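Here are some notes from going through the model you sent over. They are in numbered points, so just reply by number.

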Amino acid sequence: MSEKATFDGVTPEEMSYVTDHFKGHGLVEGDTTSGVATVHGVPMDYSYDNASQLLTVAIREPSERMSVAKIQDLVGRLRQAHDKTAYDELGPGYNHVDVTMENNSGKTLIFAGADVEDGVIDIKVQDLPTGQTEYIFQAKSSTASVIGCRGDVTYQIDPQTMVTISYHLHGKAIHSFTVAVNGQNAKMYRVSARDTEAGYDCAGAYTYMRPTVVVNKA
């Protein structure tokens, strides 16, 4: 049985904005009243009634990438942002993770790679000397992405020991941020993260996390 998300009081202008978003990300057939969208491989049926201003989105095959919570979060933010003139500029801001690292390891931390599953990433700092705290990377949605951003970033403490940062943000409903140290000398270090909650900017048009990763000697 399909899962459904419903939205009351959706104006025709808001619906047009939502439909334009769907068209940019896999709409295969339909208009502003009904259609079938396959977004990132997940099929969805949507219908809109002008008289009642009710929008219904039904997910045919729920998955980790597309759920009722994600649809509710996405459509809610699209409705709030529908009157923005710079539409293309909104997309990257939908979900962004700004990561700061505090290095107390006694070693220079060296960027060792990123595995980005959703969205895009901008590495700000390649080498972080011990005793310094820097804004090291930003991950964010691809332009107008329906999914958000998710991936792993790794920094090397020494050739045998790595710090791995895992992030996932798709609105306040779905977010996670974890950090781990692994490798031959992992017992020599402790890692932690603070400020990992998600929040809204710009009246709900932007969702963010601004965590700080701390690397200490054990």
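1. Let's begin with the open sheet, bearing in mind that this is a predicted model. Five strands make up this sheet, in the order β9-β7-β11-β12-β13, and the pairing is antiparallel. Its edges are β9 (127-128) and β13, each of which pairs on one side only.

2. Inside that sheet, β11 and β12 run antiparallel and are joined by nine bridges. If you want a pair to click on, take Q156, whose bridge partner in β12 is M162.

3. Now for T161, which sits in strand β12 (residues 161-170). Is T161 buried or exposed? Its relative accessible area is 0%, and the cut-off for buried is under 20%, so T161 counts as buried. What does its side chain find there in the way of polar company? A polar atom of the T161 side chain lies 3.2 Å from the backbone nitrogen of N185.

4. N185 also turns up in the contact list of T161. Leaving out neighbours within four places in sequence, T161 touches Y155 and Q156, then V181, N182, G183, Q184, N185 and A186, and also Y189.

5. On to the nonpolar cores. The largest one has 25 residues, and those with the most contacts inside it are V97, M101, I136, F137 and I165. At least two residues of this core come from each of β6 (95-104), β10 (133-140), β11 (149-158), β12, β13 (174-183) and β17 (212-217). Apart from it there is another core, of 17 residues, with F22, M44, Y48 and I71 among them.

6. V97 deserves a look of its own. Setting aside residues up to four places away in sequence, V97 is in contact with F137, Q138, A139, C149, Y167, L169, F177, M209 and P211. One of these, F137, is also listed with V97 among the residues with the most contacts inside the largest core.

7. Which strands does β10 pair with? β6 is one of them, antiparallel over seven bridges, and T100 has Y135 in β10 as its bridge partner. Strand β8 (residues 120-123) is another, antiparallel to β10 with four bridges. Here I123 stands opposite F137 in β10.

8. Why do I call strand β5 (residues 54-59) largely enclosed by the rest of the structure? Because five of its six residues are buried. As for partners, strand β1 (residues 3-7) runs antiparallel to β5 and is joined to it by five bridges, with E3 opposite I59. Strand β4 (residues 42-49) also pairs with β5 in the antiparallel sense, over six bridges, and S47 has T56 as its bridge partner.

9. A backbone detail for your Ramachandran plot: β4 and β5 form a hairpin with four residues between them, and Q53 in the turn has a positive phi of about 55°.

10. Finally, some totals for the whole protein. There are 17 strands and three helices. Of the 218 residues, 45% count as buried. The accessible surface is about 9,900 Å², and carbon and sulfur atoms account for 46% of that. Among contacts with a separation of 6 or more, 59% are between residues 24 or more positions apart.

Key: Residues are numbered from 1 along each chain as its sequence is written. This is a predicted model: local features need pLDDT of at least 70, side-chain atom pairs count only at pLDDT 80 or more; totals for chains, interfaces and linings use all residues. Side-chain values use heavy atoms; hydrogens and water are left out. Buried means under 20% relative accessible area, exposed over 50%, partly exposed in between (1.4 Å probe, protein chains only). A polar contact is a pair of N or O atoms within 3.5 Å; within protein, one must be able to donate a hydrogen and the other to accept it, and residues adjacent in sequence count only if both atoms are side-chain atoms. Contact means heavy atoms within 4.5 Å. A nonpolar core is a set of buried Ala, Val, Leu, Ile, Met, Phe, Trp, Tyr and Cys residues joined through side-chain atoms within 4.5 Å. Two strands pair if DSSP finds at least two bridges between them. Accessible areas come from the Shrake-Rupley method with a 1.4 Å probe; for residues, only the protein chains shown count as cover.
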